[in-house]
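Hi,

Here's the structure I said I'd pass along. Have a look when you get a minute, and my notes are underneath.

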Amino acid sequence: MTDQDQALTVSGQVEKALSELAEAAALGAGQIVVLGVSTSEVQGRRIGTSGAPAVAREIYEGVRRVRDRLGFETVWQCCEHLNRALVTERSLAKARGWTIVSAVPVPKAGGSMAAYAYSQLADPCLVEAVSVDAGLDIGETMIGMHLRPVAVPVRPSGRWIGEARVTMAYARPKLIGGERAVYAPPATQAPPSGTCD
C-alpha cells in the first residue's frame with residue numbers, strides 16, 4: 001500500500017478503486033456492478049471471522065459516492081452461507097428478470113456487508129444469480145461467478161482496501177469469428193484481404 005493510499009479512509013480507498021474500475025469499463029447509467037466484500041479481511045483478519053458493520057458502512061459510503069456520480073446500479077454479494085446470493089433493489093430484480101429468493105442477510109449468514117447494504121435499500125430483496133458488467137472484490141470473496149463473460153482484469157493503483165486485497169474486472173462482449181473477423185468499425189480498420197462471397 002502506498003503512503004497516499006494509507007492516508008485515505010476506507011471509504012476513500014473504495015471510492016478511488018471503484019472510480020478506476022468505472023473509468024476502465026466506461027460504466028454509466030444502465031450498467032450494474034457486483035460488489036463482494038469481506039469486512040473481516042479489511043480489518044486484517046481471516047474472511048468470515050470478524051464481520052464489522054462499521055467497516056461495511058464506510059465501504060457503502062465510498063461506493064455510494066461513485067454510484068451517485070456515474071449512475072450505475074449495484075448488487076452486493078452475500079457470503080457462502082446464502083449461496084452467494086445478491087442484495088439488490090426489488091425494482092431492479094424485476095426489471096432484469098432475476099430470480100428472487102427468500103432470505104434476509106445478517107452478519108452471520110450473508111455477511112456484514114450484505115446485511116448493511118440490505119438495510120440501506122428502499123425495497124431490498126435477494127436474487128439467486130446475476131450476470132453483470134463489472135465487479136469489485138474486496139478480500140477475495142470470489143465474485144467472478146456473477147460477471148458476464150468475458151472478464152477483463154483491471155489493476156487498481158492501490159491494491160489494498162484496509163488490509164484486504166482488491167481485485168476488479170469488467171466484462172466485454174465475446175469476440176467471435178476467426179482470422180478474418182473484424183472487431184472495429186470498417187472506417188478505422190484496413191479492409192480484409194478476402195471476402196466470404
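What follows covers one helix pair and the nonpolar cores.

Before anything else, keep in mind that this is a predicted model.

I started with helix H4 (residues 53-70) and helix H6 (residues 112-120). Their axes come within 9 Å and cross at roughly 60 degrees. An angle from 35 up to 65 degrees counts as oblique, so H4 is oblique to H6. The crossing of H4 past H6 is right-handed. On the H4 side, the contact is made by Pro53, Ala56, Arg57, Ile59 and Tyr60; H6 brings Ser112, Met113, Tyr116, Ala117 and Gln120. By type, the residues in this contact of H4 with H6 are seven nonpolar, two polar and one charged.

Then the cores. The largest nonpolar one has 40 residues. Inside this core, the residues with the most contacts are Leu18, Ile59, Trp76, Val87, Met113, Leu136 and Ile138. At least two core residues come from each of helix H2 (10-25), strand S1 (32-37), H4, H6, strand S6 (134-138) and strand S9 (164-171). H2 is the top contributor, giving seven residues.

Met113 is worth clicking on, as it turns up both in the H4 and H6 contact and among the core residues with the most contacts. Setting aside neighbours within four places in sequence, Met113 is in contact with Val37, Thr39, Ala56, Ile59, Tyr60 and Trp76.

There's also a second, separate core of 14 residues, with Ile32, Val34, Val75 and Trp98 among them.

Cheers

How values were computed:
Residues numbered from 1 in each chain as written. Predicted model: local features only at pLDDT ≥ 70, side-chain atom pairs only at ≥ 80, totals over all residues. Heavy atoms only, no water. Axes fitted to C-alpha atoms, helices over the stretch in contact; angles between N-to-C directions. Helix = DSSP H or I, 4+ residues; strand = E, 2+ residues; numbered from the N terminus. Parallel < 35°, antiparallel > 145°, perpendicular 65-115°, else oblique. Left-handed = near helix turned anticlockwise from the far one by under 90°. Contact = heavy atoms within 4.5 Å. Nonpolar A, V, L, I, M, F, W, Y, C, P; charged D, E, K, R; others polar. Core = buried A, V, L, I, M, F, W, Y, C linked by side-chain atoms within 4.5 Å. Buried < 20%, exposed > 50% of the residue type's maximum accessible area, 1.4 Å probe, protein only.
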